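Me: Got a minute for this one? I'd like to walk through a strand and then a helix pair.

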Amino acid sequence: MAGATAPALADAAVKPVLALSGVKKRFGGVVALDGVSFSLRPGEVHALVGENGAGKSTLIKILCGIIQRDAGTITLDSEAYDPHTPGDAKKAGIQVVHQEFNLLPYLSVAENICFEDMPRKAFGMVDFPTLYARARKALDAIGLGDVDVRRPVESLGVAHRQLVEIARALMGESRILILDEPTATLTARETERLFEIIAALKAKGVAVVFVSHHLNEVFSICDRVTVLRNGQSVMTADIASTTPDQLVTNMVGRQLAAAMAAARDLDKTGRIALSLRGLRHPASPHAEGVSLDLRYGEILGIAGLVGSGRTELLRSIFAADLPLSGTLERDGKPRRYQNPKQAIRDGIGFVTEDRKEEGLILDMAISANVTLASLRKVSRLGLLNKRAETLLTQQLGGEIKLKYGGASDAVSTLSGGNQQKVVLAKWLANDPKILLLDEPTRGVDVGAKAEIYALLRGLAEKGLALLIVSSELPELITLSDRILVMSKHRIAGEVARADFSEERILNFAYKDERNHGHH
Amino acid sequence: MDTTDLTTAPAGSRTIATTTKTVLREAGIGIALIALIIVFSFTPHFLSSSNVTNILTQVTINLVLSIGMTFVILIGGIDLSVGSVLSFCAVVAGTVMTLPGLDPVMAVFLATISAILAGIGFGLLNGLISAYWAIPSFIVTLGTLNIARGAALQVTNASTIYSFPAAFNAFGSKTFYGIPLLFLIALVLVAIGWFVLAKTVFGRVLYGIGNNEEAARLAGHNVFFYKVAAFTICGVLVGIGAIIYMARLNIASPIIGIGFELNAIAAVIIGGTSLSGGRGSIVGTLLGACIIGVLANGLILLGLSDFMRQMITGFVIILAVILDKYRERLTKA
């Protein structure tokens, strides 16, 4: 048990429930894990942090039996643990909430939650009353009282899907619960609720592995932390004896602080690039819609809870969904886009929230993705000029510090941060005047995040107008010149840069929620 | 910036993997075809010039239909109607060609145009219905399969049309150094199809839509247009296929072309194109059609019954897809 990470074992008075030592895994020529040692004590919340590609996902997949390790030992209660299927892991009491959703979209919420152990009646028929009751209880336990368990999962938003996934994992009796980026799609309130659940589990002696990019979360709920870097465990420490800076330094070897602190010159904003008056998305329950003005050189942040209509606002500007009513003016001229193509021609780009579903064509080459919205620039008379395409990719790749092998590599070979940069490059290739960005750093590691922040700032300085939707308030506070807070598809309030504070923004975001709760 | 080299190092090896992946895909199918030819060349007559001509003749129609099918499958669709539509195009063309009072050249010309127009008509119908109402093309083309067959029977009153101009018959059986003229025409169509898919913006967007329709739409591409276009291209090739069929067999009948769609789909799938769309190539389709043709011919020469032949062809289709899975796993690691 002589692990490489001395700090963890120095005070290993408590017998670990799970212990890994020297775990290695390679995929073909790529080393994913290169000696990971890690121990988990009963009743602790242990954070696992590291940049994308550091090996967190691989480690989790090994623990839950999706893939097998090449070398190293794993013990569960001092006995060798060697799961070959996810079923083995479940039998051993290890439950995982994966980052990617594993839900069955056309089945109901209740069927999803109870899928592993459906209540039965005679002749194998499903006992629906019990099924719904169990699911109801599971949802109430995590504060989803307003979701009908009979609804199909496909009708839920991402945040709710994530919570259903968590409810499902909690159905089984688990000794170890692994949460992979559970808060990525949650708002502050839902996250708080999750933390209460984690605290309750902890009190019952369940050991929780908490994977997160959000260091503030790590510091608020975890007992210990292990940092992975480049497939190795480089540090394990008690939370009380470390600092966020120390973790970041261990994760990336460089500081994000510089990027976060850099001030923006606020007086450079120019004329109005885009003006909305009462723009109403079909999903909006209110007739009044959204009104706002976006200026050249400005970064306008849109805050709000998941489901407050932020994404829908961007989609109705871009004509990804056609607005029901309201007007849109571009450079003072009224416009009514019928499809994204017209919006793009008018100088608008849209970095979508879900890059795998809407932003990228994963199996296609990096260059093909970069030029997807600007094929005219790299073609003549309908014929592709592959050299021009490669050159454009290399040029933009250099500008945005894209780390890649070759322009013809599939985008799926890139890390999350670099994939996001490809999405940005796709729009930059088109020389947009306005960029709409929905969660621009979702699932992106700290290093790439700093680079994307710098890039977005640079674009605003060049005179582009940026409209950024984000669930991460520190991100909006860092980037924005001004923040509009949405609630129930309306602008609930505006916060000027001088008044930025999480509290103020959240007050606006919850305004309607609170009123709602009173009647 | 100390992580830079860490991330680029594995990326370099991925470049090689990606390149080998594309090459492997087609090379693998090519090797399978060559292996088949070698195995069958032990039977007498297989490599005789008359038999080679025979194989190429048999491959031709399926190859033409498979080109169109590749376009449709690449955008994630399927066209089950091609066999019936071929029959409809043929009877339309046959009717035009045998109109009294036309000189032979004009008759053949007008018949060809009408066959292609009939094919375009059904292609548009398939494309417009499936794209406008977002109905799976499997269902729409299952419908048009019946419509076209019924229409062909109705138009001809279930009778066969024959006695085409002599020059047309001669055209159908013409060969150059043992290679049928009709096969050469099919090769030209292969070349055009390859060019469109590999070299044009149109082709690139088709691949994009097949891979991720929403991403393509949000990047400003008119998905509706491309879907309709893919089905229409398939219709054009069905029209051409009908003329080739008539030139070879000198008949046009409402009961021809039964099951042709399945052979075309088989050729596309054996050729490595993914049924879920977005991945594949015309070169693969060419090789796939040749594998089916060589297999059918070789098995006859081996003296196997028609029934055995059909069973073996079925196994080969499944085997091809299984091998494709392994090839993918091999190159993904």
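Me: Which residues of S13(A) lie on one side and which on the other, and are they buried or exposed?
Reply: This is a predicted model. On one side of S13(A) sit A:Ile299, A:Gly301 and A:Ala303. A:Leu300, A:Ile302 and A:Gly304 take the other. All are buried, and both faces are covered.

Me: How many of the residues in strand S13 of chain A are buried?
Reply: Six of its six, over residues 299-304.

Me: What does S13(A) pair with, S20 of chain A for a start, and how many bridges?
Reply: Four bridges join S13(A) to S20, residues 465-469 of chain A. They run parallel. A:Ile302 stands opposite A:Val469 there.

Me: And how many bridges go to S21 of chain A?
Reply: Five, to residues 482-487, and that pair is parallel too. A:Gly301 is opposite A:Ile483 in S21(A).

Me: New topic. At what angle do H2 and H7 of chain B pack?
Reply: About 20°, with the axes 9 Å apart. H2 covers residues 49-74 and H7 covers 181-199.

Me: Parallel or antiparallel, then?
Reply: Roughly parallel, because angles under 35 degrees count as such. The crossing of H2(B) and H7(B) is left-handed.

Me: Which residues of H2(B) and H7(B) meet?
Reply: From H2(B), they include B:Leu56, B:Val59, B:Leu63 and B:Ile67. From H7(B), B:Phe183, B:Ala186, B:Leu189 and B:Gly193 are among them.

Me: How many nonpolar, polar and charged residues are in that contact of H2(B) with H7(B)?
Reply: 10 nonpolar, four polar and no charged residues.

Key
Residues are numbered from 1 along each chain as its sequence is written. Chains are lettered from A and ligands numbered from 1 in the order in which they are written. This is a predicted model: local features need pLDDT of at least 70, side-chain atom pairs count only at pLDDT 80 or more; totals for chains, interfaces and linings use all residues. Axes are lines fitted to C-alpha atoms, for helices over the stretch in contact, and angles run from 0 to 180 degrees between N-to-C directions. Helices (H or I, at least four residues) and strands (E, at least two) are DSSP runs, numbered from the N terminus. Angles under 35 degrees count as roughly parallel, over 145 as roughly antiparallel, 65 to 115 as roughly perpendicular and the rest as oblique. A crossing is left-handed if the near helix is turned anticlockwise from the far one by less than a right angle, and right-handed if clockwise. Two residues are in contact if their C-beta atoms, placed from the backbone, lie within 7 Å. Ala, Val, Leu, Ile, Met, Phe, Trp, Tyr, Cys and Pro count as nonpolar, Asp, Glu, Lys and Arg as charged, and the others, Gly among them, as polar. A residue is buried if 20 or more other C-beta atoms lie within 10 Å of its own, exposed if 12 or fewer, and partly exposed in between; C-beta atoms are placed from the backbone. Two strands pair if DSSP finds at least two bridges between them.
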